[in-house]
Amino acid sequence: MCGIVGLFIKDRTLDPQLGSLLSGMLESMCERGPDSAGFALYGTPEEGRSKLTVQSPEPDRDFAGLGEDLGRELGVTVEVEIRATHAVLTLPSDSLERLRTHLRESRPNLRQMGSGEAIEIYKEVGYPTEVARRFDLAGMRGTHGIGHTRMATESAVTTMGAHPYSTGPDQCLVHNGSLSNHNNVRRELSRDGMRFETENDTEVAAAYLTWRMNQGLDLGAALRTSLDDLDGFYTFVVGTRTGFGVLRDPVACKPAILAESDRYVAFGSEYRAIAGLPGIETARVWEPEPATVYFWER
């Protein structure tokens, strides 16, 4: 019984309010997922620069002097922005994969949340309102974002067990439900080179979409193929650098609602998640159909 929210801004004058709007949506889903929470925000890319979000269980120790140390070790300038237990590392795009490999080898205690030109991911154990406050979600801006409140059913309550999951550049996924064939899919994707950090079925779903998109499919087509390859009951909300997608399984027993106006597209597990958005009274509001891909892109 997890909670999902998502907001895709169409009217760019709302970009500065993305964090505050998403924060209110996330907090409305506390009862659906009190164990942990997380969110991904997308901003305007800076040409030639990429970002990597990392998490540390001991941020005071691990983040002290991190930018200077990495800059010296890699020979590039690495900017570091610290938010509680997370840090966003920004550097030239052509050095991003070298940074990721270097961190795995030299600082394995830094958990890599996600990377790309536009994405930042924050997630932690705790009540959703506290998690949002810890990272100052309300003060963030961006073009679109998704969030999740977790009620753990099949795995431990940990930071890495929280959503969103990111398995490809500027891609992430949040999920309400469970997959019955995730172990088989994980084995298949692992043989094809996909890397997994947890045993969570949601990470498998995220990796599956990345795998399909690496084969040349766009997000919409990747979501459509998942209907044949992923078994279970689920609602997916997915983010990419330029887009925002929603999919429910063919039975669609997990609750979901969408709203669209000329200013935004919003998703919530329940209507209360979108009830406070500006102009919601004139927006088109509907329940997404089963086995139907919904996708918006800039």
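For residue classes, Ala, Val, Leu, Ile, Met, Phe, Trp, Tyr, Cys and Pro count as nonpolar, Asp, Glu, Lys and Arg as charged, and the others, Gly among them, as polar. With that in hand, the lining of the largest cavity comes out at eight nonpolar, six polar and no charged residues. Keep in mind that this is a predicted model. Here's a quick tour of the sheets, the helices that pack on them, the empty spaces and a couple of backbone oddities.

**The seven-stranded sheet**

- Seven strands make up an open sheet, and reading across it gives β7-β2-β8-β1-β14-β13-β15, with antiparallel pairing.
- β7 (119-125) and β15 (284-286) sit at the edges with a single partner strand each, so one side of each has no neighbour in the sheet.
- Going from one strand to the next, the twist averages 10°.
- Inside the sheet, β1 (residues 3-9) and β8 (residues 144-150) run antiparallel and are joined by six bridges.
- If you want a register marker for that pair, Ile-4 has His-148 of β8 as its bridge partner.
- Helix α1 (residues 18-27) lies across β1, β2 (36-42), β8 and β14 (264-268), and its direction is about 160° from that of β1.

**The four-stranded sheet**

- There's also an open sheet of four strands, ordered β4-β5-β3-β6 and again paired antiparallel.
- Here β4 and β6 are the edge strands, each pairing on one side only.
- The twist in this sheet averages 20° from one strand to the next.
- β3 and β5 (residues 86-92) run antiparallel, with seven bridges between them.
- Lys-51 is handy for checking the register, as its bridge partner in β5 is Thr-90.
- α4 packs on this sheet and touches β3, β5 and β6, with its direction at about 20° to that of β3.

**Where α3 meets α4**

- The axes of α3 (residues 66-74) and α4 come within 11 Å of each other and cross at roughly 110°.
- Angles of 65 to 115 degrees count as roughly perpendicular, and α3 and α4 are therefore roughly perpendicular to each other.
- On the α3 side, Leu-70, Glu-73 and Leu-74 make the contact, while α4 brings Arg-98, Leu-99, His-102 and Leu-103.
- Sorted by class, that contact has four nonpolar, one polar and two charged residues.

**The largest pocket**

- The largest pocket has a volume of about 630 Å³.
- Its lining runs to 27 residues, and Arg-100, Arg-104, Ser-166, Arg-195 and Glu-197 are the ones nearest the centre.
- At least two lining residues come from each of α4 (96-106), β6 (111-116), β9 (165-168) and α7 (201-214).
- β6 gives the most to this lining, with five residues.
- The class split is nine nonpolar, nine polar and nine charged residues.

**The second largest pocket**

- The second largest pocket holds about 370 Å³ of space.
- It is lined by 21 residues, with Gly-43, Thr-44, Lys-51, Glu-120 and Arg-141 closest to its centre.
- β2, β3 (49-55) and β4 (79-83) are the elements that give two or more residues to this lining.
- β4 gives the most, with three residues.
- By class, the lining of the second largest pocket divides into four nonpolar, six polar and 11 charged residues.

**The cavity**

- The structure holds one cavity of 30 Å³ or more.
- The largest cavity encloses about 60 Å³ of space.
- Of its 14 lining residues, Gln-171, Cys-172, Ala-206, Leu-209 and Val-238 are closest to the centre.
- Two or more lining residues come from each of β9, β10 (171-179), α7 and β11 (232-239).
- α7 has the largest share of that lining, at four residues.

**Backbone oddities**

- The peptide bond from His-163 to Pro-164 is cis, with omega near 5°.
- Pro-164 is found in the loop between β8 and β9.
- Ala-252 isn't a glycine, yet its phi is positive, at about 60°.
- You'll find Ala-252 in the loop between β12 (243-248) and β13 (257-260).

Notes: Residues numbered from 1 in each chain as written. Predicted model: local features only at pLDDT ≥ 70, side-chain atom pairs only at ≥ 80, totals over all residues. Heavy atoms only, no water. Pairing = 2+ DSSP bridges. Axes fitted to C-alpha atoms, helices over the stretch in contact; angles between N-to-C directions. Contact = heavy atoms within 4.5 Å. 1 Å grid on protein atoms, 1.4 Å probe; cavity = no way out; pocket = protein on both sides within 12 Å on 5 of 7 lines; lining within 4 Å. Points joined across faces, edges and corners; volume = space filled by probe spheres on them. Parallel < 35°, antiparallel > 145°, perpendicular 65-115°, else oblique.
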